[in-house]
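User: Could you walk me through this structure with a few questions and answers?

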There are 2 protein chains.
Amino acid sequence: MANDPNKHQHKVGGRAAGCVQRVTVHRPSLENNTADAERLIESLKPQLNSRCVSIDFSVLRQLPELLRDSGHLVRCAMLKTDACWQVAGIKGGADPSPMAGLAVDLGTTRVVLQLIDLESGQVLSETAFDNPQLKIAPDILARIHYCEQPRGLRHLQALIVDGLNDAVARLCAAQELNATDIFLTAVAGNTAMAHLFMGLDPRWIIREPYIPAVNRPDPVKPAELGLSTNPAGRVIVFPNIGSYFGGDLIAGILCSGLDSRETPAILVDVGTNAEVVVGNRDWLMACAGAAGPALESGVASIGMMAGPGAIDRVTIHLPDRRFELHTIGDQPPRGICGSGVIDLAAQLFLAGMLDIRGKFIPENCGQRLYKDENGIDHLVLAPAEASASGTALTISQPDIDSLIRSKAAMYTILETITASVGMRLEELDKFYIAGTFGSFINPASAIALGMLPDLPLERYEAIGNSSLGGARQVLQSPDGLEKIERIRSRITYLELNVNQEFMNRFSAAKFLPHTDTARFPSIRLHGDRVRL
Amino acid sequence: MANDPNKHQHKVGGRAAGCVQRVTVHRPSLENNTADAERLIESLKPQLNSRCVSIDFSVLRQLPELLRDSGHLVRCAMLKTDACWQVAGIKGGADPSPMAGLAVDLGTTRVVLQLIDLESGQVLSETAFDNPQLKIAPDILARIHYCEQPRGLRHLQALIVDGLNDAVARLCAAQELNATDIFLTAVAGNTAMAHLFMGLDPRWIIREPYIPAVNRPDPVKPAELGLSTNPAGRVIVFPNIGSYFGGDLIAGILCSGLDSRETPAILVDVGTNAEVVVGNRDWLMACAGAAGPALESGVASIGMMAGPGAIDRVTIHLPDRRFELHTIGDQPPRGICGSGVIDLAAQLFLAGMLDIRGKFIPENCGQRLYKDENGIDHLVLAPAEASASGTALTISQPDIDSLIRSKAAMYTILETITASVGMRLEELDKFYIAGTFGSFINPASAIALGMLPDLPLERYEAIGNSSLGGARQVLQSPDGLEKIERIRSRITYLELNVNQEFMNRFSAAKFLPHTDTARFPSIRLHGDRVRL
């Protein structure tokens, strides 16, 4: 993704698909002495097939001179809200500089930006930075509490806005553009981050009954937020469904195309929570649940985020159960990331080293297994001499138990939301996995563990940073805002009640791959072990 | 007017007629956990009977705290554009401070402001100041040329905006308000002044084919203009029809109520030009023409604007033709204002001292008449010892000739526009006269001169500063903007071609009261003199 920013973007058609309209404005005469603004509007209306077009005040200020200097041929950056179009930027028709857009994935931890050519829809460049609010607090809850201090909210807002302005300056410098060449910005983030970015009081988001300041923010002028982009332009902040279903997920749905499919599919985004949406072009059912930190980086002492030295792929070769560890950047192993843990557990299970309860099978683990002073089993992945730190990398039975609870929670969430719409998981035509987790995970391993359903592998599709992708799509199509609102208005949010039925499903899913082995026909069991 | 600002305002009904909505917002719960903004919108919709309500971003920032502090009872300053409502300001329901509006008559020479209570529609106070752009140039043409200098436009804009901010500070201080208590501002001015105020390039207004930057400006945020009023609020700048028919005249139509009458009426505003509108609720026909400076203050050496010491009423008592001069402020006479000149000429005519060509009749003028070294006749109004300056106040034959050309131009314009819609002047049910000219003129005198048609006196109505009045009305009714646009869209502008027919009418009107005396039945002539 980071190296080929255009890789995952949906196909964009010709000029009509972009957010820029080229228009030849009627020249004035004594017979047609309508004002400049109204002549531009009248020239745009038939092109847009709309009766409602208005012009930003900053555009108005440039208009008389620009029309006459450009021979009445201009390019307009257009934004469509409801049934009305807004001219949110203007340049001469022959001016070679692009009219740019900025797509932003506003993560709690990491912020990713793409600069887009609004006319062609092409990605011009991409950059990312750590959310500067991390220095106030790593987690969103603590940041919201920080807002209760005098000027706390303003401080957090300034941090993120300054960070964005710095990143914009870098992106633009590399492309020989100015920040004022950016007319439209689309920002997708969770509900709390969106509030902090807009300087809206987030304190009621975390207090019962969990109320955001706004669900559907109108497009905002950059100056209202302190952004350095063109003052005539607009900042689109993705809407939310509530405190726990943010604009990042709506962007994810847009990016996956779930909302325009005929047959139902599923979208999973795994972060601190697992967020899941099932649906098609007619309906969307969403839920979120704690699937445990084990799925991202939280496994015991050796867990780490995907990065250089992280074990991301594990193969255990039979019959001698030789371990082959792959690390990111082919460096000596420093730890293990989420996809590595899933690979490891699946390979341990498939190699007969874990039983269906997820317990180490000593006779198959051999010398790799040892008990510590507390009697807890540990399995050595890499001996001290092979690791980056000079300390052996090991995984413990409690680590595996924790992973199994996480995978069981994930499967239970998937089963519950699918059942809520009267479907079985096997009926899902497509299974989109968003985020870095989706990009690195080996679906076959997740299936072997019973974390993901036993669908044909071709149904699984990693869609990368879907929050960024959704933000970008809004800038690539003039009806982007309408698509977002159509998605938002069709989502039904399913509260996951942890009731007896949920607990029964969870208990059944705590086995490898599941107590109901018929659900995983590709995994053949013999007794409590995989048939080797 | 200045002493009783509520005198001329149209009746405003109860709360529903104002631009403030009091609303009780649904309290949030786990069942209704919609965001604050959307709950406010849902609470407003049934009250406004509208499906389209949006909230200004600045309001959004205050909303979570304000809703909870005010027990969910708030007051909203509302603006309706097209079919959509905008919340352009908010205060707690129990907060005793008013939500204010500002009506502005943005004159080329003088700027008049009224502070309005947006909830009751009452005028709170009024002030005025000389347009600070006068120090750059007294006339609008020179100011537009000044805009071609670097930063010329910015300078002119800053002058008027600073002047307004100073006046707002004075108005607010007197009422113990803050500028941020003002949420809506309505500004009526001619097309060029509106451009200078908005910082829009006016240079094409005065060059063929005479194109404004905009005809219908959208409401603007105060910060875009540099105004100190509440940043959540809006500034409504009246639309124009073109370079020569500005928002001040549209405000005048609104103020007169011409646009809601069943039977046709006429509105006349006399300034540098005479601007005339004939119409009713179905159609409006407008024109403007030079009626000569004599009608305002330009009569010869003793002409002056209405002010202390200006002769504003003249009576000539028969049979001895004794002059009774009334001055503004009952001070010794310093000069004569427009209404005084018209009174004077009418009284001279009615006293047999002017013939039907407007020439002095020496035998009836007696010792007041003398010839100067060039053989030009002068009539003494006040001898040296009675005048403020110690110099005699006199009026010359050329002064009278000039007045007669002006009155003939005025009558010809009235006759032409009325004829253009197939009517005669006598058919007009109502004759509104705007401006200070209208407030001071004695219609009987204007009729005697044949400047105004010989209608029953009760049909004449002085409506004062109709530009200010129209601006105020926009702030007194939630559908003000729609009314303005309805007026604007229905106006037909009549280009006054100075053709043979116009010249024939003009020639016929250059007599006192007219060559066709049947049109002035109340003035009885005997030969070329009034029957005494």
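Below is a short chat about sheets, helices and the way the chains meet.

User: Before we start, what kind of model is this, predicted or not?

Analyst: Residues are numbered from 1 along each chain as its sequence is written, while chains are lettered from A and ligands numbered from 1 in the order in which they are written. Local features need pLDDT of at least 70, side-chain atom pairs count only at pLDDT 80 or more, and totals for chains, interfaces and linings use all residues, since the model is predicted.

User: Okay, which strands stand at the edges of the five-stranded sheet in chain B?

Analyst: Helices (H or I, at least four residues) and strands (E, at least two) are DSSP runs, numbered from the N terminus, and two strands pair if DSSP finds at least two bridges between them. The sheet is open and mixed, in the order β7-β6-β5-β8-β9 (chain B). Two of these strands have a single partner each, so one side of each is left without a neighbour in the sheet: β7 (123–130) and β9 (234–237) of chain B.

User: And which residue in β7(B) is the bridge partner of Val111(B)?

Analyst: Strand β6 (residues 110–117) of chain B and β7(B) run antiparallel, joined by seven bridges. In β7(B), the partner of Val111(B) is Phe129(B).

User: There's a four-stranded sheet in chain B too; by what angle are its neighbouring strands turned against each other on average?

Analyst: This open, mixed sheet has the order β1-β3-β4-β2 (chain B). Its edge strands, β1 (20–24) and β2 (53–55) of chain B, each pair on one side only. Axes are lines fitted to C-alpha atoms (for helices over the stretch in contact), and angles run from 0 to 180 degrees between N-to-C directions. With direction ignored, the average turn between neighbouring strands is 40°.

User: What faces Arg22(B) in β3(B)?

Analyst: β1(B) pairs with strand β3 (residues 73–81) of chain B over five bridges, in the antiparallel sense. Opposite Arg22(B) in β3(B) stands Arg75(B).

User: Over to chain A: are α1(A) and α2(A) roughly parallel or roughly perpendicular?

Analyst: Helix α1 (residues 36–48) of chain A and helix α2 (residues 57–69) of chain A pack with their axes 9 Å apart, at an angle of about 80°. Angles under 35 degrees count as roughly parallel, over 145 as roughly antiparallel, 65 to 115 as roughly perpendicular and the rest as oblique. So α1(A) and α2(A) are roughly perpendicular.

User: How many residues of helix α5 of chain A are buried?

Analyst: A residue is buried if 20 or more other C-beta atoms lie within 10 Å of its own, exposed if 12 or fewer, and partly exposed in between, with C-beta atoms placed from the backbone. Among the buried ones are His195(A) and Phe197(A). Helix α5 (residues 191–198) of chain A is largely enclosed by the rest of the structure, because its buried residues number eight of the eight.

User: Now the chain contact: which helix gives the most to the side of chain B that touches chain A?

Analyst: Two residues are in contact if their C-beta atoms, placed from the backbone, lie within 7 Å. Chain B puts in 33 residues and chain A 33 residues. Both α1 (36–48) and α2 (57–69) of chain B supply at least two residues of chain B's side. The top contributor, with six residues, is α2(B).

User: Last one: what kind of axis relates the two chains?

Analyst: Copies are superposed by least squares on the C-alpha atoms of residues with pLDDT of at least 70 in both. Chain B lands on chain A after a rotation of 179° with 0.0 Å of shift along the axis (RMSD 0.2 Å). That is the relation of a two-fold axis.
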